[in-house]
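This report describes how helices and sheets are arranged in the model shown below.

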Amino acid sequence: MKLLLVEDESRLVDSLSHLLKRNGYVVDAALDGQTGIDMACTGVYDIIILDRMLPYQDGLSVLKEFRSLGHDTPVLFLTAKDSPDDRAEGLNAGADDYLIKPFFSVELLARLQALSRRRGKELTENVLVADDLVLNPMRCQVVKSGEIIQLTLKESQLLELLIRNYDRVVTKEQIIQKVWGYYSEAEFTTVNLYIHYLRKKLNITNLKTVWGVGYSLYGKPRAASAAN
């Protein structure tokens, strides 16, 4: 799973990043609140670890803005503000969990695993349907005309982004940020290549190229229940 760590103590960022990567997580970091909200809103993260006392924009306002924009990514507050009122304020603002500094690494990992299980269940239930394509993002699988087609993770994330933005143009910059990450070195040619992969694998005829801008999947999507 991909995590965003928003924390201004660089030594803690280094030690936490090492711990999390060693336990199988992919980690990006932001050292201030403004950068944190910009990165969080790319939508590429499964869990966000957020400090409350941050430069430029404090963690509580970051969380409130993030939730006001409609994002439901689980957020774990990791902070030294430990009064009952502080905890209640954080949870009421939309945090999913609240862990006090200093903390034990084993407890942080356990809390992240609990959030991961919850997130995984939510993603499994959110099967997306567009025309003759049925996408299960959790399994990276598409069902088309009764055939199960396995996608790579990036192909699945790209298709999910296009379906969720049906009849809207998704720019190449947006695709890179949301699929490859905020600090990715991926280029427009990479996006073009993965669009080619999707067209070839799925024989998509309604994936439009908007020259000089990006791509649009057009048609009429509909909701679906979880696939077996």
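## Surroundings of helix α7

In this predicted model, the buried residues of α7 are covered by elements that include β1 (2-6), α6, β10, α8 (188-202) and β12. Helix α7 spans residues 172-180, and its buried residues are Lys-172, Ile-175, Ile-176, Val-179 and Trp-180. These residues lie on the same side of α7, because the arc they cover around the axis is only 100 degrees. Just after α7, Gly-181 adopts a positive phi of about 115 degrees.

## The antiparallel sheet and helix α6

Two of the elements that cover α7, β10 and β12, belong to an open sheet of three strands with the order β10-β12-β11 and antiparallel pairing. At its edges are β10 (170-171) and β11 (207-210), each of which pairs on one side only. Four bridges link β11 to β12 (residues 214-217) in the antiparallel sense, and Thr-209 stands opposite Tyr-215 in β12.

Helix α6 (residues 153-164) packs on this sheet and touches β10, β11 and β12. The direction of α6 makes about 65 degrees with that of β12.

## Packing of α6 against α8

The axes of α6 and α8 are 10 Å apart, and the two helices pack at an angle of about 90 degrees. Helix α6 is therefore roughly perpendicular to α8, as the range of 65 to 115 degrees counts as such.

On the α6 side, the contact is made by Lys-154, Glu-155, Leu-158, Leu-159 and Leu-162. On the α8 side, Tyr-194, Ile-195, Tyr-197, Leu-198, Lys-201 and Leu-202 take part. Classified by residue type, the contact of α6 with α8 has eight nonpolar and three charged residues, and no polar ones.

## The parallel sheet and helix α3

Strand β1, which is also among the elements covering the buried residues of α7, belongs to an open sheet of five strands. The order of this sheet is β2-β1-β3-β4-β5, and its pairing is parallel. Strands β2 (26-30) and β5 (97-100) stand at the edges; each has a single partner strand, so one side of each is left without a neighbour in the sheet. From one strand to the next, the twist averages 20 degrees.

Within this sheet, β3 (residues 47-50) and β4 (residues 75-79) run parallel and are joined by three bridges. Ile-48 has Val-75 of β4 as its bridge partner. Helix α3 (residues 59-68) lies across β3 and β4 and runs at about 175 degrees to β4.

Note on methods
Residues numbered from 1 in each chain as written. Predicted model: local features only at pLDDT ≥ 70, side-chain atom pairs only at ≥ 80, totals over all residues. Heavy atoms only, no water. Pairing = 2+ DSSP bridges. Contact = heavy atoms within 4.5 Å. Axes fitted to C-alpha atoms, helices over the stretch in contact; angles between N-to-C directions. Buried < 20%, exposed > 50% of the residue type's maximum accessible area, 1.4 Å probe, protein only. Arc of directions from axis to C-beta. Parallel < 35°, antiparallel > 145°, perpendicular 65-115°, else oblique. Nonpolar A, V, L, I, M, F, W, Y, C, P; charged D, E, K, R; others polar.
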